[in-house]
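Please open the model in your viewer and keep the selection tool at hand. We will walk from one element to the next, and at each stop you will hear what to pick and what is there.

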Amino acid sequence: MRFIILLVFFVSGAAGLLYEVVWTRQLTLLLGVTAPAVSTVLATFMAGLGIGGAAAGRMIKNRDPLKFYAFCEVGIAILGFASPYVLDALAPVYVFLKQTIGGGPALTAARAALSALVLLPPALFMGATLPALSKWILTIGGDGRRGRGVGLLYAVNTVGAVAGTIAAAYFTIETFGMRGSIGCAAALNGVATIGAWSLSRAGIPAAPAASGTLNITFSAGARRAALIAAALSGAAGLACEGIWTRYLIYAVGDNSAYAFADMLAIFLAGIAAGSALAAPFVDKFKNPLLALAVIQGALACACVASVALLEPKGRYAGLGDWLTGETYVPWATFLWTGVWSSAKVVFIPTLLFGASFPFVARIVTRGAETAAADVGRSVAWNTAGSIAGAIASGFVLLPMLGFAKGMIAAASLSLLAMLAALAPAASLRFVKFIVAAIVCIAFGALSLVALSRRDAAARALIKDETRDTMKFYEDGAVSSVAVVEDNITKTRVLYVGGDAQASTDPVGMLHLRLMGHLPALFHENPKSGLVICCGAGVTLGSLASHPLETLEICDLSPTILQLNKDGVFDGGNNGVFRDPRLRVTVDDGRNHLLSTTRTYDVITTDPIDPDDAGVTSIYCKEFYELVSKRLNPGGVACQWMTTQYSLDVYKSLIQAFRLSFPECYIYDGDFTTVIVGRKPGGRRVAFDRLERAFEDRKVKSSLAAVGIDDPYDLLTLQLAGPADIANFCGDAPPNSDDRPIAEVVAPRTEWGNPRGSWIEKQRVLLSMRKSDRGDAIADWSAEHAARFKEKYRGMQRSMDARLARNEPGGGGAAKAEAVLRSLISTGPRTVDLMAEFDECDFEPGEDVGEYLLQIDFGIEALLPDAPPPNYDKAEAAKFAKYCFRSALMIRPDSLRGRLGLALACARLLEHAAAIDYARQVTEHARYATDYLQEFTRHETQQLINAVGDANEGTAAAEALEKLNNIRLDRTVEAWNAWFQKQPGAPAASKSSDAK
């Protein structure tokens, strides 16, 4: 009979975690994913558990415990099943309250009240289940051993919670959706109800009490000490969990819902194992308070030691570089790597957390009649501490202390729990002293080790100690934010939670610029714009180059916004945060759209991976419906659509957008795509509108930096229009709140052979590409079509070449040849394609071709043989600077790249940078190993003149002299020598052939 009850409680635990996972998602969709909103939801749920546990003791006093338990399960099922409908009804209430209240503590209180309406009733019933079954197992169940019986129940219920966590992440949400998962949980409650009620109705007599210690009670002081220890242990547990979760992402290398589910499952599994292992022995201890104290002391040391065990290796550590397309990483391998990375850090501490509860139960429980009340009191104290710990980790420990210090502070709570447990034992003074002394010494030593590892997560972001510098690192309430700068190229990368989210690197910036320019260009007369998510502000800066009257940025991280305000990313966003038109809003972007009364002509987002935990909410159909509501008639929306997932997932992402914006267009963003759509009420853009926009200096300069010089260049990037997109999507299910395909399916398709998936999608998209733009341009004429065809064919060759060099298998040289042949015919404005060459598996020296092309384009921009009539030296210098920096990314030791940068900077009157690069050439010329371009003395003399200062001019002259003493081939000769070695390559003897 006890086995059946344990099975029933296992099922109940699984249902409970299914509810918790879904409720957390649904409530944060309504209330926002800001730290206060998430903490409010968690605290409300746990408060319900604690109150329910405390109340159950009094309510069950004269009732059949199994019938009472069955009643609780029925209550959970009914209230749980109704919860989505309650949420639907509360949505307009929340919108009204937020519009009326605004933000601050009042909004937090409103969120707490709404969360309580949804979570508190079922959570009260959940909290009452353990006290009810504890009374049964200590009386009718025949187990008089308080610690063993309650500990076993706790362990089995927690194992069920592990099963529920895994089921939600890996099966029910994907198969049945969110509401379907709620139905599954309610069905499990039904099974538990039937099991408990059937046993109760069977009238099974009470089993004979097992030999135990039920009649032995502890003093009020001992019980009070155990409760205090339970509260402190609960606080330490949730505080440590919050810190571990934040930093395990660096070790796991993934920010997906699967990673979080795995970490939670390991945390719960450790607690279950600890409780199960302790339960058989807890009643054999003559002094359980001393045992509890030892466990808490060991727990404090284990938590601090976990800091040293965290070995962050950066994203995809140890799994090979799948970007090459040559390394296959099975999904199971990736999962196991994440599980092991988490388990080695948290399993031992969670084992000790779990072992504590049976000891608390034995000490606090006075007898069979009071078992329910006593266990409920234990649950309430432990839960109260857990609430405090969860809030402290996010709002105090991490933001104020960081990783190592925060963990030491959290672990100190377990030290206090140890001291609380030791206090009542007056007869064991010497033993208490020895235990406390040993633990405190060990804790102090381990804390010193932990402090030496306080920058472990930050160091994980440094890929090359000789090249990278950490410019900024902060553990905020929302996330951990870092900025890493490349010492050579001066590129800055923004990391959020260990993921690279944005960069000032000019290479690969095409999609970021498109996301700011496309919606503004395809609106007749945009006056207002909103950008959701900030990153490095490149999308915002691109949108700001258009003559809008108002501009707004919305991001939930005040840290990222402040970094942009401080000019950290001015190199990529053109100092947009100093634009007087800009309004800054700190909020969850979706929640902002839900509650704002403002409307816009343009709404776009800054790219962020849709499979990251919680991010899919801005890639689903409900989000685009909100966007449509907040757009004025004819307004334009834009969204980044990554191509790293399977074709089916990509279709679902596009389908979600298309349902709200049937008139939509997909653009190539260089190894990714951008989709732009117009709300009904507007007209297709006219070609002369695009031409006028390109006459604006800011717009033209911003787009020229990514190889787009005129409207024709822009239109060559269009891959598909409305009709083709509709056919492409077919009946694919849209990514939605209820079926978050991007979150539960996409991470699996990211592993294995993602490059093959990208090629598959690119082929399909290229097959839809047309040389006619009549579906997108209102006044498209035969003349436009004729002028467009040549550029269209050139871009088509570039795209075909890009596919060829990404085909799985084959040598790097063969891939490079196809791309280089294409680039020769299409001109230097396709230079952005070449930046991806370093991902190919080149043999040593094989990258010389694209490296030399980068250098050649830079030289041609600075020193054109026949300058065109409209040649702009400043714009040419900007483009040359871009090329030389790209060359340095491929060959960081390139002296020609540095000399080219010196010339470009001198022409741009950036004297300090020009001097710096010239000095680098002077200092390292004797180590030159690559092909050095022999710039003429005349051109280098321009550098000397631009620098102006006699001493600095001497440094530049010395650089030139040393370069002239190194007799190496000219760029074009080197290029010919390399190219002629390739199979079937024609002779290329003239400079123009290589440009």
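Two strands count as paired if DSSP finds at least two bridges between them. Helices (H or I, at least four residues) and strands (E, at least two) are DSSP runs, numbered from the N terminus. This is a predicted model, in which local features need pLDDT of at least 70 and side-chain atom pairs count only at pLDDT 80 or more, while totals for chains, interfaces and linings use all residues. Residues are numbered from 1 along each chain as its sequence is written, and side-chain values use heavy atoms, leaving out hydrogens and water.

**Stop 1: the four-stranded sheet**

Start with residues 492–496, which are strand β3, and add β4; four bridges join the two, and they run antiparallel. Within this pair, look for Val496: it stands opposite Asp499 in β4. Now widen the selection to the open sheet of four strands, ordered β1-β2-β3-β4 with antiparallel pairing. β1 (468–475) and β4 (499–503) are at the edges with a single partner strand each, so one side of each has no neighbour in the sheet. On average, neighbouring strands here are turned by 25° against each other, direction ignored. Next, select helix α15 (residues 558–565), which packs on this sheet and touches β1, β2 (480–486) and β3. Contact here means heavy atoms within 4.5 Å. The direction of α15 makes about 35° with that of β2; such angles run from 0 to 180 degrees between N-to-C directions, and axes are lines fitted to C-alpha atoms, for helices over the stretch in contact.

**Stop 2: the eight-stranded sheet**

In what order do the eight strands of the open sheet lie? Reading across, you meet β7-β6-β5-β8-β9-β11-β10-β12, with mixed pairing. Its edge strands, β7 (582–586) and β12 (718–720), each pair on one side only. Neighbouring strands of this sheet are turned by 20° on average, again ignoring direction. Zoom in on β5 (residues 528–532) and β6 (residues 550–555), which run parallel and are joined by five bridges. Ile532 has Cys554 of β6 as its bridge partner.

**Stop 3: two helices on that sheet**

Select α18, which packs on the sheet against β5, β8 (600–605) and β9 (631–641), its direction making about 145° with that of β9. Then add α19, which lies across β9, β10 (663–668) and β11 (673–678) and runs at about 170° to β9. The axes of α18 (residues 621–630) and α19 (residues 647–660) come within 8 Å and cross at roughly 30°. That makes α18 roughly parallel to α19 (angles under 35 degrees count as roughly parallel, over 145 as roughly antiparallel, 65 to 115 as roughly perpendicular and the rest as oblique). To see the contact, show Lys621, Tyr624, Glu625 and Ser628 of α18 with Ala656, Phe657, Leu659 and Ser660 of α19.

**Stop 4: a helix pair elsewhere in the chain**

Move to helix α8 (residues 288–309) and helix α11 (residues 429–452), whose axes come within 8 Å and cross at roughly 10°. The two are therefore roughly parallel to each other. Residues in this contact include Leu290, Val294 and Gly297 of α8 and Val431, Val435 and Phe443 of α11.

**Last stop: confidence**

Finally, colour by pLDDT, the predictor's confidence in each residue, from 0 to 100. The chain averages 79, and 77% of the residues score at least 70. Over residues 314–328 the pLDDT is below 50, and this stretch has 36 contacts in the model beyond near neighbours in sequence.
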